[in-house]
Amino acid sequence: MQELKLEIITYPHPTLRHASKPIVRVDAALRKIVSEMFDLMYAARGVGLAANQVDLPLRLFVVNLTAEKGTGEELVFINPVVSRPKSSEEAEEGCLSIPEVYGPVARPKQIHINAYSLDGQEMTATLDGLLARVIQHESDHLDGVLFPDKMNDSAQATIADDLTALESQFAMRQQASEIPTNDAIAQRLQDWETKYC
Ligand code: ZN
């Protein structure tokens with residue numbers, strides 16, 4: 001596999017709609033990818049980043065609630081499973097892949113998470129607050145779900161123009177070959193799945 005240059009892809013890049021399969025192997029290249037994902041996330045001042053946001057069909061995401069390198073805790077979730085949702089809470093969300101778009105999303109307030117760390121350690125916890133929300137947002141990414149999908153109709157209407165603008169921008173960049181064709185994108189995802197899933 002060639003040297004990788006990761007970057008955060010934006011809506012409506014098709015990889016954001018890809019449902020990722022579980023990872024079955026972790027190697028040095030994957031560790032390097034995770035470390036680059038943290039760097040990209042910090043550069044964009046984000047608190048979470050899922051692998052398909054850097055155009056990789058891998059069931060993993062990274063989180064640091066401080067959004068700042070060297071502070072807080074760097075968390076890596078491999079093959080996460082969210083369960084046991086309890087009560088509901090609405091809060092404003094944004095996404096590094098949908099720049100400058102924000103909106104209210106209702107989600108379970110408390111969840112149970114099961115996942116693996118980079119060194120294969122199984123983690124399990126019951127969580128609430130911001131961490132629970134971020135984990136749900138990032139887990140959604142792994143299933144190809146974006147936060148506007150979870151907004152109610154009237155909230156969706158307020159961001160419809162912003163999404164349309166991103167769609168035309170993307171179409172222009174793809175026509176200009178700055179972004180590969182959908183077929184090329186799908187082929188690349190398949191190659192990655194063959195290697196890691
Ligand atoms: Zn996101």
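Where does S87 lie? Hold that for a moment. First, a caution: this is a predicted model.

Now S87. This serine lies in strand β3, residues 75–95. Its phi is near 45°, a positive value in a residue other than glycine. Is S87 buried or exposed? Exposed: its relative accessible area is 56%, and the cut-off for that word is over 50%.

E100 is another case to look at. E100 sits in strand β4. Its phi is positive too, about 60°, although E100 is not a glycine. Relative accessibility for E100 comes to 72%, so E100 counts as exposed.

Stay with β4. Strand β4 covers residues 98–116, and strand β5 covers residues 122–128. The two pair in the antiparallel sense, over 7 bridges. Find Y116, then look across to β5: the bridge partner there is E122. Together β4 and β5 form a hairpin, with 5 residues between them. In that turn, G120 has a positive phi of about 85°.

Next, the metal. Which protein residues are donors of the zinc ion? C95 gives its SG atom, while H137 and H141 each give NE2. These donors lie 2.0 to 2.3 Å from the zinc ion. Along the chain, their spacing reads C-x41-H-x3-H.

Look at the two histidines. H137 and H141 both lie in helix α2, residues 129–142. They are 4 residues apart, about one turn of the helix. Both H137 and H141 are buried.

On to the pockets. How much space lies in the second largest pocket? About 340 Å³. Its lining has 21 residues, and the closest to its centre are V47, G94, C95, L96 and H137. Two of those names came up a moment ago: C95 and H137 are donors of the zinc ion. Which elements supply the lining? β3, β4 and α2 each give at least two residues. By class, the lining has 10 nonpolar, 5 polar and 6 charged residues.

One last stop, early in the chain. What joins Y11 and P12? A cis peptide bond, with omega about 0°. P12 is found in the segment before α1, the helix at 28–43.

To recap. S87 and E100 have positive phi values, near 45° for S87 and about 60° for E100. C95, H137 and H141 are the protein donors of the zinc ion. C95 and H137 are also among the residues closest to the centre of the second largest pocket.

Terms used: Residues are numbered from 1 along each chain as its sequence is written. This is a predicted model: local features need pLDDT of at least 70, side-chain atom pairs count only at pLDDT 80 or more; totals for chains, interfaces and linings use all residues. Side-chain values use heavy atoms; hydrogens and water are left out. Donors are N, O and S atoms within 2.8 Å of the metal (3.2 Å for Na, K and Ca); water is not among the atoms, so sites may look incomplete. Buried means under 20% relative accessible area, exposed over 50%, partly exposed in between (1.4 Å probe, protein chains only). Two strands pair if DSSP finds at least two bridges between them. On a 1 Å grid over the protein atoms alone, a cavity is a set of points where a 1.4 Å probe fits but cannot get out, and a pocket is an open set with protein on both sides within 12 Å along at least five of seven lines; lining residues have an atom within 4 Å of a point. Grid points are joined across faces, edges and corners, and a volume is the space filled by probe spheres set on the points. Ala, Val, Leu, Ile, Met, Phe, Trp, Tyr, Cys and Pro count as nonpolar, Asp, Glu, Lys and Arg as charged, and the others, Gly among them, as polar.
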